[in-house]
Amino acid sequence: MGYSNYKKLKQVVDKFGITTQRSQLFAQITPIEPSEWLKQSMNIANAVMLTNEKVKSERLISPILSEVHLLHKHKLSLFSGEELNVDVANDLNGPCDFFFSANPNSYLLTAPIVAFAEAKDENIDYGIAQCT
């Protein structure tokens, strides 16, 4: 099962002795207008029944992350569904929905990476626990 074994952030904190801190990561970022392609993708997503995690990922998350990648492809590579096997003994293994690597135009996942937390069944604690 890997990462999905972690259901609560407290479970990760207790097991690995890490500390957490909330901060405003994107306070200095200037918003930009989405492309026409992204607007159209979101309109199409709005017309589709978003009934499960897979369709939400395909219709909402993937287009947004693809647009970010296109804007920053000289700095980042976007990965989807790749295995991220860090430490099998501690359940730090398995596929990840999406992440960026700070290695542009790469077919190979290399550090540093940025993982994204999602609200699993509208439970953000579960999503964060898997990405910590």
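**Figure 1. Residue I29 in the loop between two helices of the predicted model.** In this predicted model, I29 is found in the loop that lies between helix α1, residues 9-16, and helix α2, residues 36-46. With a relative accessible area of 53%, I29 counts as exposed, because the term is used for residues over 50%. I29 also belongs to a nonpolar patch on the surface, which it forms with L25 and F26. Taken together, L25, F26 and I29 have about 370 Å² of accessible area.

**Figure 2. Residue S41 in helix α2 and its contacts.** S41 has its place in helix α2, the helix of residues 36-46 that follows the loop holding I29. The relative accessibility of S41 is 14%, so S41 counts as buried, a term that applies under 20%. When the neighbours within four places in sequence are left aside, the residues in contact with S41 are R59 and P63. Both numbers fall within the range of helix α3, which covers residues 53-71.

**Figure 3. The open sheet of three strands.** The strands of this open sheet are arranged in the order β1-β2-β3, and their pairing is antiparallel. At the edges stand β1, residues 77-80, and β3, residues 113-115; each has a single partner strand, so one side of each is left without a neighbour in the sheet. From one strand to the next, the twist averages 25 degrees.

**Figure 4. Strand β2 with its partner β3 and with helix α3.** Strand β2, made of residues 98-101, is joined to β3 by three bridges, and these two strands run antiparallel. One residue to look for is F99, whose bridge partner in β3 is A115. Helix α3 lies across β1 and β2, and its direction makes an angle of about 10 degrees with β2.

**Figure 5. The protein as a whole, as a setting for the close-up views.** The protein contains four helices and three strands, and a reader who follows the sequence meets them in the pattern α-α-α-β-β-β-α. Of the 132 residues in the protein, 24% are buried, and S41 is one that counts as buried. Among the contacts with a separation of 6 or more, 49% are between residues 24 or more positions apart. The accessible surface of the protein comes to about 9,600 Å², and carbon and sulfur atoms account for 56% of this surface.

Technical notes. Residues numbered from 1 in each chain as written. Predicted model: local features only at pLDDT ≥ 70, side-chain atom pairs only at ≥ 80, totals over all residues. Heavy atoms only, no water. Patch = residues over 30% accessible without salt bridge, like charges linked within 9 Å, V, L, I, M, F, W, Y side chains within 5 Å. Areas by Shrake-Rupley, 256 points an atom, 1.4 Å probe, with all protein chains shown as cover. Salt bridge = Lys/Arg side-chain N within 4 Å of Asp/Glu carboxyl O. Buried < 20%, exposed > 50% of the residue type's maximum accessible area, 1.4 Å probe, protein only. Pairing = 2+ DSSP bridges. Axes fitted to C-alpha atoms, helices over the stretch in contact; angles between N-to-C directions. Contact = heavy atoms within 4.5 Å.
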